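Dear colleague,

I am passing on to you the structure we spoke about, with a short account of what was found in it. Please look at the sequence and the model before reading on.

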Amino acid sequence: MTLNLHTVPSSESPPPRIGNRLLATLPEDDLEHLEGLCELVDLEAGDILFEAGQPIDYIFFPLDTLVSLLAVAEGRMTLEVGSAGREGMVGASVALGQRFAQVRAVVQRSGHALRMEAEDFIAEFAELESLQRLLHRYTDSLLAQAIQIAVCSRFHVLEARLARSLLVTRDRLQSDRFHMTHEFLAHALGVRRVGVTKAASALQGQGLISYSRGNIEILDPAGLEAVSCHCYQQVRTPS
């Protein structure tokens, strides 16, 4: 997986209905000012926006893409500790003095994002009270999300954890259909692929999902939520 971004010409801009909901909570003048410092980029599934331990050069505001945040142990073992779609942002910790990434940020679904240079974001954070309030609230919710996922990973069975992960993805993408490979799910849940296969088969056998070649459709959201652990309610709203 490698970073492979390119700026999107204005003629290829996403339709107006797509936007970042986190940015949209800012006052209109502040929003327009920040958007003027951003460029639209195209993200492909599997792109690594930054690696744990590396400097964060850019902040990303997803529009119609989804980014997974993975904790990394010994350079190879991973566990998803959060995700960011159009309701959030990626790389916010730079404004709080953390210039090096603590997690690996991997694009889960291809799409568009607004990208801002980290130095510009830090400067704006120092000046805009509205951005300070928003960022403090959002980083607090990300921390709560990471803590809840850690608890979930320790105490809950894989089938319930997979159900929780699928429901969160559904919420972020606002779609019952999406693509997630066994390999990606194994990295996100911190388990072997065979475990994901068994858990997905169990959910499919109950008529809750349809899963084929990485293409997932949630057939019964209410039923899937019943199978999921209560952690889903804690992490479903990131801001």
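I begin with Arg213, a residue that counts as exposed because its relative accessibility is 77%, over the cut-off of 50%. Please bear in mind that this is a predicted model. Arg213 lies in the loop that joins β10 (209-212) to β11 (215-218). Its phi is near 55°, which is a positive value in a residue other than glycine.

Gln174 may be read alongside it. Here too phi is near 55°, again positive in a residue that is not glycine. Gln174 is located in the loop between α4 (158-173) and β9 (177-179), and with 53% relative accessibility it counts as exposed. A positive phi is also found at Gly190, the residue that follows α5, where the value is near 70°.

The overall form of the chain is as follows. The chain contains 8 helices and 11 strands. Along the principal axes, its C-alpha atoms fill a box of roughly 50 × 40 × 30 Å. For 239 residues, a compact globule would be expected to have a radius of gyration near 18 Å, and the chain, at 18 Å, agrees with this. Of these 239 residues, 49% count as buried.

Helix α5, which spans residues 182-189, is mostly covered, as 6 of its 8 residues are buried. Which residues of α5 are the buried ones? They are His182, Phe184, Leu185, Ala186, Ala188 and Leu189.

Two patches on the surface deserve your attention. The first topic is charge: Glu28, Asp29, Glu32 and Glu35 gather on the surface in a patch of negative charge. Asp29 belongs to helix α1, which covers residues 28-35. With a relative accessible area of 62%, Asp29 is exposed.

The other patch is nonpolar. Leu143, Ile147, Val151 and Phe155 make a nonpolar surface patch of about 400 Å². Phe155 is part of helix α3 (residues 129-155), and its relative accessible area of 60% makes it exposed. As background to such a spacing, an α-helix has 3.6 residues a turn, so residues three or four places apart point the same way.

Finally, I note two pairs of positions for orientation in the model. Gly19 sits in the loop between β1 (6-7) and α1. Is Gly19 buried, partly exposed or exposed? At 21% relative accessibility, Gly19 counts as partly exposed, because the cut-off for a buried residue is under 20%. Gly19 and Ala84 are 65 residues apart along the chain, and their C-alpha atoms are separated by 13 Å.

The second pair involves Leu166, which has its place in helix α4. Leu166 is buried, with a relative accessible area of 1%. From C-alpha to C-alpha, Leu166 and Ala123 are 37 Å apart in space, while 43 residues separate them in sequence.

To locate these features in the model, you may wish to start from the loop of Arg213 between β10 and β11, then turn to the covered helix α5, and then to the negative patch that includes Asp29 and the nonpolar patch that includes Phe155.

With kind regards

Note on methods
Residues numbered from 1 in each chain as written. Predicted model: local features only at pLDDT ≥ 70, side-chain atom pairs only at ≥ 80, totals over all residues. Heavy atoms only, no water. Patch = residues over 30% accessible without salt bridge, like charges linked within 9 Å, V, L, I, M, F, W, Y side chains within 5 Å. Areas by Shrake-Rupley, 256 points an atom, 1.4 Å probe, with all protein chains shown as cover. Salt bridge = Lys/Arg side-chain N within 4 Å of Asp/Glu carboxyl O. Lys, Arg positive; Asp, Glu negative; His and termini not counted. Charge placed at Lys NZ, Arg CZ, Asp CG, Glu CD. Helix = DSSP H or I, 4+ residues; strand = E, 2+ residues; numbered from the N terminus. Buried < 20%, exposed > 50% of the residue type's maximum accessible area, 1.4 Å probe, protein only. Rg over C-alpha atoms; globule rule 2.2 N^0.38 Å.
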